[in-house]
Amino acid sequence: MKAIVTVLGHDRVGIISEISKELAALDVNIEDISQTLMQNYFVMIMMTDVSKSSQTIAQINSRLKAVGEKIGLDVRVQHEDIFNCMHRI
């Protein structure tokens with residue numbers, strides 16, 4: 001099962017490290033990643049495989065949101081199908 005992780009916020013050192021460390025702890029594999037800086041904003045989208053995780057997407061979302069709040073970022077996790085439907089409208 002695939003999930004899309006989006007990360008938005010002011011750029012700072014260690015963003016990718018913090019997010020990827022939490023994903024690894026949840027046994028979530030990062031399959032593809034795109035990141036950019038838009039002026040002083042960090043923007044990242046990741047395609048992940050959550051099939052080996054013992055956590056639901058809602059639980060993964062909650063854990064990553066908590067990490068994001070600690071470091072001042074907006075982090076969201078969505079099932080790939082929901083993400084795709086939202087962006088077709």
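Let me start with a single residue, asparagine 61, which is found in helix H2. I should say at once that what we are looking at is a predicted model. Asparagine 61 has a relative accessible area of 18%, and because burial here means under 20%, this residue counts as buried. Leaving aside residues up to four places away in sequence, asparagine 61 touches Val75, Arg76 and Val77.

With that residue as the way in, let me step back to the whole chain. The protein holds three helices and four strands, and, read from the N terminus on, its elements follow the order β-α-β-β-α-β-α. Of the 89 residues in the protein, buried residues make up 35%. If we take the contacts with a separation of 6 or more, 65% of them are accounted for by residues that are 24 or more positions apart.

Now to the sheet. The four strands form an open sheet in the order E2-E3-E1-E4, and the pairing is antiparallel. Which strands stand at the edges? They are E2, residues 29–38, and E4, residues 73–79, and each has a single partner strand, so that one side of each is left without a neighbour in the sheet. Ignoring direction, neighbouring strands of this sheet are turned against each other by 15° on average.

As a reminder, the strands of a sheet pair through backbone hydrogen bonds, either parallel or antiparallel. In this model, strand E1, residues 2–10, pairs with strand E3, residues 41–49, in the antiparallel sense and over nine bridges. To fix the register for those of you following on the screen, isoleucine 4 stands opposite methionine 47 in E3, and valine 5 stands opposite methionine 46 in E3. As for E1 and E4, these strands also run antiparallel, and seven bridges join them; here threonine 6 stands opposite arginine 76 in E4. Arginine 76, you will recall, is one of the residues that asparagine 61 touches.

How do the helices sit with respect to these strands? H1 packs on the sheet and touches E1, E2, E3 and E4, with a direction that makes about 20° with that of E3. H2 packs on the sheet as well, touching E1 and E4, and its direction makes about 170° with that of E4.

That brings me to the packing of the two helices against each other. In general, two packed helices are described by the angle between their axes and the distance between the axes. For H1, residues 15–25, and H2, residues 57–70, the angle is about 155° and the axes are 10 Å apart. Since an angle over 145 degrees counts as roughly antiparallel, H1 and H2 are therefore roughly antiparallel to each other. Their crossing is right-handed.

Which residues make the contact between H1 and H2? On the H1 side we have Glu18, Ile19, Glu22, Leu23 and Ala25, and these meet Arg63, Leu64 and Val67 in H2. By class, the residues of this contact divide into five nonpolar and three charged, with no polar residue among them.

One of the charged residues deserves a closer look, namely glutamate 22 in helix H1. Is glutamate 22 buried or exposed? Its relative accessibility is 15%, and it therefore counts as buried. Not counting residues up to four places away in sequence, glutamate 22 touches Arg63, Leu64 and Val67. The C-alpha atoms of glutamate 22 and leucine 64 are separated by 7.0 Å, although the two residues lie 42 residues apart along the chain.

Finally, let me turn to two loop residues with a backbone feature worth checking on the model. Aspartate 27, in the loop between H1 and E2, has a positive phi of about 60° although it is not a glycine. At 44% relative accessibility, aspartate 27 counts as partly exposed. Glutamine 39, in the loop between E2 and E3, likewise has a positive phi of about 60° without being a glycine. In its case the relative accessibility is 80%, and glutamine 39 counts as exposed.

How values were computed
Residues are numbered from 1 along each chain as its sequence is written. This is a predicted model: local features need pLDDT of at least 70, side-chain atom pairs count only at pLDDT 80 or more; totals for chains, interfaces and linings use all residues. Side-chain values use heavy atoms; hydrogens and water are left out. Axes are lines fitted to C-alpha atoms, for helices over the stretch in contact, and angles run from 0 to 180 degrees between N-to-C directions. Angles under 35 degrees count as roughly parallel, over 145 as roughly antiparallel, 65 to 115 as roughly perpendicular and the rest as oblique. A crossing is left-handed if the near helix is turned anticlockwise from the far one by less than a right angle, and right-handed if clockwise. Contact means heavy atoms within 4.5 Å. Ala, Val, Leu, Ile, Met, Phe, Trp, Tyr, Cys and Pro count as nonpolar, Asp, Glu, Lys and Arg as charged, and the others, Gly among them, as polar. Two strands pair if DSSP finds at least two bridges between them. Buried means under 20% relative accessible area, exposed over 50%, partly exposed in between (1.4 Å probe, protein chains only).
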